[in-house]
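Student: Could you take me through one part of this model in detail? I would like to see how its pieces sit relative to one another.

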Amino acid sequence: MADHDPHLVPHWASAALITIDMQRDFLSESPYGLAGTTEVIPAIRRLADAFRAAGRPIVHIVRLYEPGGGNADLPRRSLLASGVNIVAPGTPGRLLAPGLPPEGAPELDDALLLSGKPQELGPAEYAIYKPRWGAFFQTPLHELLGDLGVDTVVFAGCNFPNCPRASIVEASERDYRIVLVTDAVSQTTPQGLEEVRRIGVQLMSTDEVTAAVAAPEAGAR
């Protein structure tokens, strides 16, 4: 449950949901998937539904590894250079997990995303490509959130030790109020959660977040 430090308490009326790498090639059952990722889809769907109902922004952060891995992190390049394709442009595996995009959303526009621009998927809902672990590094996320009047970011997705954690640190460096939805992110550990709590991250459940987003006037602002 979020604490009441006035510098950390979420501002629900100016919050955005950020999903990290919830793409088909990263789901638990995929050949190079991450354990526990398919299992958090229902929670993330609930979060997305709550944010949509409240008219709050949602940003889906995605990876797009070009064949050969030339645009990937160094630890991934040998695997991709061997001929393995993961979340490659034009492939079904790079699409968002079933049930996560808004109704009527277009497919991911690989060229637009790789150019560094957000893609609108629905009202106040976007996709953004990130080239490295963190969602803010060489992406338009900070600018987009500023345009949307967001000061509180709510993280969910895949998988905690890597991209969500890197994104949390980057958000902290930019003075966002930060919530991690602990049952909507894969591969958490008690130690990892305690470590991010110590840098001001509010650890909340899906139930707590959906209730808060539905009644932002009930929370501190």
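Tutor: Happily! Let's begin with N159, which counts as buried because its relative accessibility is 6%, under the 20% cut-off. Keep in mind that this is a predicted model. N159 lies in the loop that runs between β5 (152-157) and α5 (163-173). Setting aside neighbours within four places in sequence, N159 has contacts with L34, P164, S186 and Q187.

Now turn to G36, which sits in the loop between β1 (15-20) and α1 (41-53). In sequence, G36 and N159 are 123 residues apart, yet their C-alpha atoms are 8.4 Å apart in space. What does G36 touch, once residues up to four places away in sequence are not counted? The answer is S28 and S186. S186 is thus a name you have met already, as it is also among the contacts of N159. In accessibility, G36 has a value of 25%, so G36 counts as partly exposed.

The loop after β5 leads on to α5, and the loop that follows α5 brings us to an aromatic pair. The count of such pairs comes to one. It is formed by F136 and Y176, in a tilted arrangement with 5.6 Å centre to centre and 35° between the planes. This pair links distant parts of the chain, 40 residues apart: F136 belongs to the loop between β4 (125-129) and α4 (141-147), while Y176 belongs to the loop between α5 and β6 (177-185). Both F136 and Y176 are buried.

Key
Residues numbered from 1 in each chain as written. Predicted model: local features only at pLDDT ≥ 70, side-chain atom pairs only at ≥ 80, totals over all residues. Heavy atoms only, no water. Helix = DSSP H or I, 4+ residues; strand = E, 2+ residues; numbered from the N terminus. Buried < 20%, exposed > 50% of the residue type's maximum accessible area, 1.4 Å probe, protein only. Contact = heavy atoms within 4.5 Å. Phe/Tyr/Trp six-rings, centres within 6.5 Å; stacked < 30°, edge-to-face > 60°.
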